[in-house]
Each structure stands twice: as C-alpha cells, then as structure tokens.
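Student: I should like to learn how to read the features of a protein structure. May we work through one together?

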Amino acid sequence: MRKHVTRVGALLLLLIVGVAVYLGWPDRARMSFASVTGARPAITDPREQIIPTVGIAKAVGWSGNAAPTPAPGLQVAAFATGLQHPRWLYRLPNGDVLVAESNSPPRATHGIADWVMGILFKRAGADVPSANRITLLRDANGDGVAETRTTFLTGLNSPYGMALVGSTLYIGDTDALVRVPYTTGQTQITARPEVVVKLSGGGNHWARNVLASSDGTLFVSVGSSTNIADHGIDAEQNRANILQVDPAHRTFRIYAAGLRNPNGMAYEPHSKALWTVVNERDMLGSDIVPDYLTQVEFGDHFGWPWYYWGGYPDPRIPDAEKNPALQQYAKRPDYAMGPHVAALGLTFASDAKLGARFADGAFVGEHGSWNRKPLSGYKVVYVPFADNGFPAKGAKPVDVLTGFLDAKGHAQGRPVGVITDRTGALLVADDVGGRVWRVSAAGGQQIAAR
C-alpha cells in the first residue's frame, strides 16, 4: 500500500512539474517572421502562458569604432554622441535638431511582477533615471556632425514628442502637454513650461508624442497603462488613444481609440492623412500580435483591449468584461510590422535624399522585443508606399539600419525616433547607445564618429 501511495505521489509530482515546465517554457516562433508582416499577415491562434516568454537583449553599448550596418548604397556615422538616453528627435525650421533625453518616471514596486519588470528594464538599459531635458544639436558647417550642443530646456517630466506651431513649442511630458515660447535660432529657453492640458500618467507606456495639425490643433498619443486593461477599463481613462488637443481653449477630445500604445505619428505626403505606429499586446505567443503601421481617422477604434487585428478576441478578457458590440466595428490596421518589434519611430521619406529605393515610403524605428523567441526588431526598417497613400501591394519591410545586436545577441544600441535632417539624411535616436546616428547616401564624404 505504502509503495502504491509513493508511486502515485511521484506521478503527481511529475505531472505538476511537467505542467509547470509547459506553462513556463519560452514560447518560440513557429511561423516565419515575414509571414507576420505586410497588409495580410498570418494571425495564428494565441498561445497563452502563465509565465511569459522573456527574451531581451542585454544592453552593452557601442565599443570603439563599432557602428550599425546600413543598407547597400547608404553609409552611417555618428551625428552626436555622449547623450543620456536620447529618445525622440525634432527638426526646427532653421535645421537645428532637438533631442529629448528622457526615460520613464520612477515606478513603484508593488509585487513580483513589478520586481521582475525592474530586472528586465535593467538588462535592457532602460533603468537609468530620466534626464528630463531637451538638448539642441546644431551642425552649422554642414559636415554631418553636430559641433554645437546646448541644454535647450529643462523643468520637464519625462519629455518625449515636440511640435513647433508659430512661435510656440509644444512638448509631450508624461502627464501633460506643455508649451514654451520659441524664437528662431534660440539655443536655450529659460521660460517655465506652461501646462496646456493634463494627461493620464503612471503605469506602462509613459511616452507622449505630439504632432501639429493644419487646423491649429495637436495630436497627442497616449499609450495604455497596462497590457490588456489588467486593472479594469476604468483605470485606462483617456489612454490607449490619440487625443486631439485644442490649445487655444485647453481642451481635448478622443480622436481615435483602441490603440494599445501609439507612438510615432506622421502625415503621409500623398494623402496628407495621419498615420501612426502602434505596439500591440504581449503574452499571446511569439507569433502574435503584430505591431502595426496604420492610417488613423476620426472616430476609429482598433479594438484594444477586447480585440486585435480587426476583430480577433483576446481570450484573456473575462466574459463579464467582453464587448461584443465592438467586434464588427474594430478597425483592421493597414500594415503589420511583425510580432513584438516595438515599433516606435515614424517618419515619411518626403524630405529624404537616400536614393530612389527609399524615396516614397515610411521609415520605422523598431526598439526591439522582450516577449519573443527569437528576438525581433532592434533595427530601422522602411515600408515602400504607392501613389495612393498606402503601402505598396505585397511590400515587406526593408532593412535600413541593422547591427544594433552584436554577435552574442547583446544590444549595442536600440533605435527609437527617426527624422530627416535639412540635407535629406536620416537621423536615428539610439537610447541605449547614447547617440544620434546619421544615415546618408553613400558616395559623399565619409564622416568619422567623434
């Protein structure tokens, strides 16, 4: 009898261990990465895990003369180095470049999940305190290197997006849209930032991008506080949205909703329509859900947290919290960037002078995955567009700048914001590397990194 009980106990223990290993084992991609990109990506069944798949490149920085690898026909060099976690870039009309040196505000640790997240942030190089400043970079002699650097503006709270409207510069702090007066050529602003509207802060997805509209309003992107409204939808008030702000009256409305973490925003040059890149949800497997690039119109709802990619239900949403009426109206995104690439930066090629191959499309900075095996993102890609203002038929993302991961899979850098400079070169903010890279057409003068 005792022997029988021992065997049953051993089998039960083995079963428990087996279930634990099954649930906690990293989920590896089963689809080709290319199949989960483009206008018609493969959307496979979700693979939930109690213990999430964790795969994140350890941040090591750039050593010696190491640099990213540009696409054939392009060259890369450092526009500026020695920056403190540069995240976002903005070009002023006179060619000066503003860079937001910023990071997440301090986060409280309330449990094991927060503790684990802190470990991941440290490994990814994202645990550095926010410099909370905007720095001005000027390349007066046109050699492709910023020889002038000044502290342009301080007194900010995790600043990110910037937009100049007339003589007023707007900045997206994590908890407010603020503004300061600006005069062309100014290298420092001492005025105290004025709050235009307050924004919901805290939790995840702290970055707030800003884009000026032709009608005098501004678009402000506000990501969700959690992965899938984990603390209830009421805790996500005015989040997972693109807001439209009326600065004259200091009011805002929700322009588009159901966008888990919209970040880069830009106008497509043919249609003049608003486009954005969005980070989709985590922990449904290494093959889904793809981050995306999409046109956004007033009143759109993209389904978060209930649905993804135009109506696929998230199985983790409790029955009592489901929203069946939304399913048939959830908008399907226009273009999949691939699963978990962390698409953040976005700019169109209207001002770029990188050759015919990169003349009509969108550049996207992919910060890189944490919830996928193998890693995805960690590069800058290009999406070719057609004259109709949408990605070209059958187009797949084209690598523009790679090599942010070294031979060991460590992150030498991680790209974020992307813009063009006044010469038509592409500037890339690299937060882990502490640099701004300049990508230009090959054949010109090679610029050495400082």
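Tutor: Let us begin with the overall make-up. This is a predicted model, and its chain holds two helices and 27 strands.

Student: What share of the 450 residues in the chain is buried?

Tutor: Burial is judged from relative accessible area, and a residue counts as buried under 20%. Here, buried residues make up 53% of the chain's 450 residues. Contacts add to this picture: among those with a separation of 6 or more, 62% join residues 24 or more positions apart.

Student: How should I read a single buried residue, and where in the chain is Ala 411 placed?

Tutor: One looks at its location, its accessible area and its neighbours. Ala 411 is found in the loop between β24 and β25. Its relative accessible area is 0%, so Ala 411 is buried. The residues that Ala 411 touches, leaving aside those up to four places away in sequence, include Ala 57, Val 60, Tyr 378, Phe 404 and Val 432. Its C-alpha atom is 8.6 Å from that of Trp 62, although the two residues are 349 residues apart along the chain.

Student: How do I read the pairing of strands, and how many bridges join β3 to β4?

Tutor: Two strands are said to pair if there are at least two bridges between them. β3 and β4 run antiparallel and are joined by five bridges, with Pro 86 opposite Glu 101 in β4. These strands form a hairpin with five residues between them, where Gly 95 has a positive phi near 100°. A second hairpin consists of β7 and β8, with two residues between the strands. Gly 166, in the turn of that hairpin, has a positive phi of about 65°. Four bridges pair β7 with β8 in the antiparallel sense, and Met 162 has Ile 171 of β8 as its bridge partner.

Student: In what order do the strands of the open sheet of five strands stand?

Tutor: To read a sheet, one follows the partners from one edge to the other. The order is β1-β24-β23-β22-β21, and the pairing is antiparallel. β1 and β21 stand at the edges with a single partner strand each, so each has one side without a neighbour in the sheet. At the β1 edge, two bridges join this strand to β24, and Thr 69 stands opposite Thr 402.

Student: Which residues of the largest nonpolar core touch the most other members?

Tutor: A nonpolar core is a set of buried residues joined through side-chain atoms. The largest one has 23 residues, and those that touch the most other members are Leu 98, Ile 134, Phe 152, Leu 153, Met 162, Leu 169 and Ile 171. Two or more residues come from each of β4, β5, β6, β7, β8 and β9, and β9 gives the largest share, three residues. Apart from this core lies another, of 21 residues, including Val 380, Val 398, Val 400 and Val 418.

Student: How does one read a pocket, and which residues are closest to the centre of the second largest pocket?

Tutor: One considers its space and its lining. The second largest pocket holds about 590 Å³ of space. Its lining has 25 residues, and Tyr 90, Leu 211, Ala 266, Thr 347 and Ile 419 are the closest to the centre. By class, the lining comprises 19 nonpolar, four polar and two charged residues. At least two lining residues are supplied by each of β3, β7, β11, β15, β21 and β25.

Methods: Residues numbered from 1 in each chain as written. Predicted model: local features only at pLDDT ≥ 70, side-chain atom pairs only at ≥ 80, totals over all residues. Heavy atoms only, no water. 1 Å grid on protein atoms, 1.4 Å probe; cavity = no way out; pocket = protein on both sides within 12 Å on 5 of 7 lines; lining within 4 Å. Points joined across faces, edges and corners; volume = space filled by probe spheres on them. Nonpolar A, V, L, I, M, F, W, Y, C, P; charged D, E, K, R; others polar. Core = buried A, V, L, I, M, F, W, Y, C linked by side-chain atoms within 4.5 Å. Buried < 20%, exposed > 50% of the residue type's maximum accessible area, 1.4 Å probe, protein only. Contact = heavy atoms within 4.5 Å.
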